[in-house]
Every structure is written in structure tokens, then in C-alpha cells.
Amino acid sequence: MTALTSNLSLTQNTTTIIRPPYFYISGFTGIPHMKYYYVFLSLVYIISLMGNTFIMIVIYVDQSLHSPKYIAVLNLAFTDICETTALVPKVLDMFLFDRQFISYDQCLANLFFVFIFLFMQSFNLTILSYDRLVAICLPLRYHMLVSHRSMFQLTGAAWAFAVLILLIPVGFITRLSFCGSVVIKSYFCDHYPLYSLAAPCSDVLPNDVMSYLDPVVVLFIPMVFIIASYVCIIHALFTITLPKDRAMKTCTSHLILVAIFYLPINITYICFSFIPTNIRIINLSLTSVLPPMLNPIIYVLKTEEFKESSKRRKLSPIKRCMEQQN
């Protein structure tokens, strides 16, 4: 406790440092009984881990799900597992066990991995909307436009682009000299709270540009594309003869995922300067953990292919027993 107190006093009297040996993650301030919230996050993490693992196993085992669309679904489940794993265990370790000091290198690594999987969640939802757009608006060209090869190319390009646009702001941070406090007012090594600590003694204009550019590229443009694609889909459903019930169920499940992911995080980024720190942390932390938990639940409950696959998985042991008896 004495060492922690002495370290905390250092964070309040830090002079100009090129690369500080550590940062201090402040987390929530002035809110009692926050440990219950962290316990809630741990439960959400366990459910998310189990649900997305189940999704990945079902897609791998069931040959009928080896279609181009489920490459994106598999990638989304993998990304959800990685996103929550990059964030929740570290948050629990910091705030449940009072280990809020994090080294400079660990902080940059934490920033990179949390954001890379957050970016990929957005890109995966965009790829899924493209799949639905082609399937409903251009059904005769679906197998030509959406093949296994094209889906692998899309997901691979999304990963490469996400890494590129994230390495740029991380690289800019490594060029900053930090002065004043090293207290990061967030629940992880968040980009803006981190680089703003260097503002009094470094040129943070490139970081400011990237802090506005990345949300536009990663969040706003994909959201606009998804909205536009569903405008086309709704128009097609009313003008083209299609099995509307099944198409609407599939689209509804995707729209639910889109709303859960994009609405809270976009509101937070748009109103960033007006939202108190505690509310911003709660909003962003829930946005990071709830969609990965709800994605497998929505896909199982709303997608016919998964319902049929689950029924086959349940019936197959019964069939084997009947065959052995005969």
C-alpha cells in the first residue's frame, strides 16, 4: 500500500518525460461499489466467450454452414472473443486488484489490441450487410459476387486496413514527449486520453487528426453504407418476388447487431466533449462487451440456419442410438 501511495504521488508531480516508465489508469472516480460492475463485466465476458466459441464450433462442424456468408460470421465470432479478451481480463486485474499502473509498452499494446478488434467488429458487420445486399437485391448474381474467394479477400483486406489505420496513430504516439500528469482518465489506454497528456509539450495535431479521421473511416462510413444497403434491401423486398419471411428474419438479426454496436459508440464519439468521464467509460465499456455477448444469442435465436443446425446436432445422437438398436 505504501508503494502504491508513493507511485500515485509521482503521477501528480511528473515533469516533462519523453517516454514515461508507466501510466496510471484512473477508471471510475467518485462512484461507490464499482466492484459489482466489474463482477458484472466478468459474467458478461464468460457468456460471450462460451457463446462465440459455440458459434465457431457449429460453423466448423456443420458442412451446411460452410458458405461464404459464414466466413464473415466466423470472423465476427473470433473478433468478439478477441475483443473481450483484450479488454475485460486487464480491466478486472487493474480495478479489482488495484493494479492500475501500466508500463509504457504495455499501454501501447493494450491500445492496439483493443482498437484493432473494435475496428474489425465494424468491418465484419459491414461485410455481412454487403452479403445481405447482394443476396436480396442481386440474387441471380449472388454466387458470382459472393464466393468463398471474394469473402476471404474482403475479410483479409479488412484486417490489413484495420492494422494500417491503427499503426498510424500508435506511431504518432511514440513520437510524443509526455509532461504533466501520467494519469489516463479512462478504463484502458484509450487514444484521446493518452495522447492529450502530451499536449502541453508536444505537437499533437497529427494525433488530433487521426482521432477524428479513424472514427469517420471505421464507424461513420460503414454505418452509412449499412443504412444505404438496407434502404435498397427494403425497396427490393417490396418490389421483387422473394421469400420475404426468411429474408426479413435474417436482415432483422443483422440490424439488431448493427444497432447494438453503432448507436452507443457513435453517440459517445459525437458527444465526447459533453459527456462526463464516468458516463463515457460506462457507455464505451458496455459497447465493448455487450455486442460480443449478444451476437451469438441473436444469431442462434434469429437465424434459421443455426436453428436447423442445432436441431440436427441434437437429433444426430438419437438417430445413432436408434440405428444401433435396429
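A cavity is a set of grid points where a 1.4 Å probe fits but cannot get out, and its lining residues have an atom within 4 Å of a point. With that in mind, the tour below moves through a predicted model, one selection at a time.

**The whole chain**

Display the complete protein as a cartoon. Eleven helices and three strands are present. Followed from the N terminus, the elements come in the order α-β-α-α-β-α-α-α-β-α-α-α-α-α. Colouring by accessibility gives a second view: 48% of the 326 residues count as buried.

**The second largest cavity**

Four cavities of 30 Å³ or more are found when the whole structure is searched. For the second largest cavity, select Leu76, Gln121, Leu125, Leu257, Phe261, Pro291 and Asn295, which form its lining. The space inside amounts to about 40 Å³. Three helices each supply at least two residues of this lining: H4 (104–137), H9 (244–270) and H10 (277–302). Sorted by class, the lining residues are five nonpolar and two polar, with no charged residue.

Keep Phe261 selected. This residue belongs to helix H9. Is Phe261 buried or exposed? Its relative accessibility is 1%, and the limit for burial is under 20%, so Phe261 counts as buried. Now add Gln121, also part of the cavity lining. Phe261 and Gln121 stand 140 residues apart along the chain, yet 8.5 Å separates their C-alpha atoms.

**The largest pocket**

Move next to the largest pocket, whose volume is about 600 Å³. Its lining comprises 31 residues; to find the centre, select Tyr192, Ser211, Pro215, Tyr269 and Phe272, which lie nearest to it. Helices H4, H6, H7, H8, H9 and H10 are the elements that give two or more residues to the lining. Which of the elements gives the most to the lining of the largest pocket? That element is H8, with ten residues. The classes in this lining are 23 nonpolar, four polar and four charged residues.

**Helix H8**

Select residues 205–239 to isolate helix H8. A helix of 35 residues, at 1.5 Å a residue, should span 51 Å, and the end C-alpha atoms of H8 are 50 Å apart, so the expected and computed spans agree. Then centre the view on Val216, where H8 has a kink of about 40°.

**Aromatic pairs**

Show the side chains of the aromatic residues. The search of the whole structure finds 20 aromatic pairs. One of them joins Phe115 and Phe188 in a tilted arrangement, with 5.7 Å from centre to centre and 50° between the planes. This pair links distant parts of the chain: Phe115 sits in helix H4, while Phe188 occupies the loop between strand E3 (183–184) and helix H7 (191–195), 73 residues apart. Phe115 counts as buried at 7% relative accessibility, and Phe188 likewise counts as buried at 4%.

Select Phe123 and Phe161 for another tilted pair, with 5.9 Å between centres and 45° between planes. Phe123 is in helix H4 and Phe161 is in helix H6 (residues 148–173), so the pair ties together parts that are 38 residues apart in sequence. Phe123 has 10% relative accessibility and counts as buried, whereas Phe161, at 36%, counts as partly exposed.

To finish with the rings, select Phe28, Tyr37, Tyr38, Phe40 and Phe95, which ring pairs link into a cluster.

**Two local stops**

Go to Asp98, in the loop between helix H3 (68–96) and strand E2 (101–103). What is the sign of phi at Asp98? The angle is positive, about 55°, although Asp98 is not a glycine. With a relative accessible area of 47%, Asp98 is partly exposed, since the exposed class begins over 50%.

The last selection is Leu145, in helix H5 (residues 142–145). Leu145 counts as partly exposed, at 26% relative accessibility. Add Asp131 and draw the C-alpha to C-alpha distance: the two residues are 14 residues apart in sequence and 9.1 Å apart in space.

Key. Residues are numbered from 1 along each chain as its sequence is written. This is a predicted model: local features need pLDDT of at least 70, side-chain atom pairs count only at pLDDT 80 or more; totals for chains, interfaces and linings use all residues. Side-chain values use heavy atoms; hydrogens and water are left out. On a 1 Å grid over the protein atoms alone, a cavity is a set of points where a 1.4 Å probe fits but cannot get out, and a pocket is an open set with protein on both sides within 12 Å along at least five of seven lines; lining residues have an atom within 4 Å of a point. Grid points are joined across faces, edges and corners, and a volume is the space filled by probe spheres set on the points. Helices (H or I, at least four residues) and strands (E, at least two) are DSSP runs, numbered from the N terminus. Ala, Val, Leu, Ile, Met, Phe, Trp, Tyr, Cys and Pro count as nonpolar, Asp, Glu, Lys and Arg as charged, and the others, Gly among them, as polar. The expected span of a helix is 1.5 Å times one less than its number of residues. The bend at a residue is the angle between axes fitted to the seven residues ending there and the seven starting there. Rings of Phe, Tyr and Trp (its six-membered ring) pair if their centres lie within 6.5 Å; planes under 30 degrees apart count as stacked, over 60 as edge-to-face and the rest as tilted. Buried means under 20% relative accessible area, exposed over 50%, partly exposed in between (1.4 Å probe, protein chains only).
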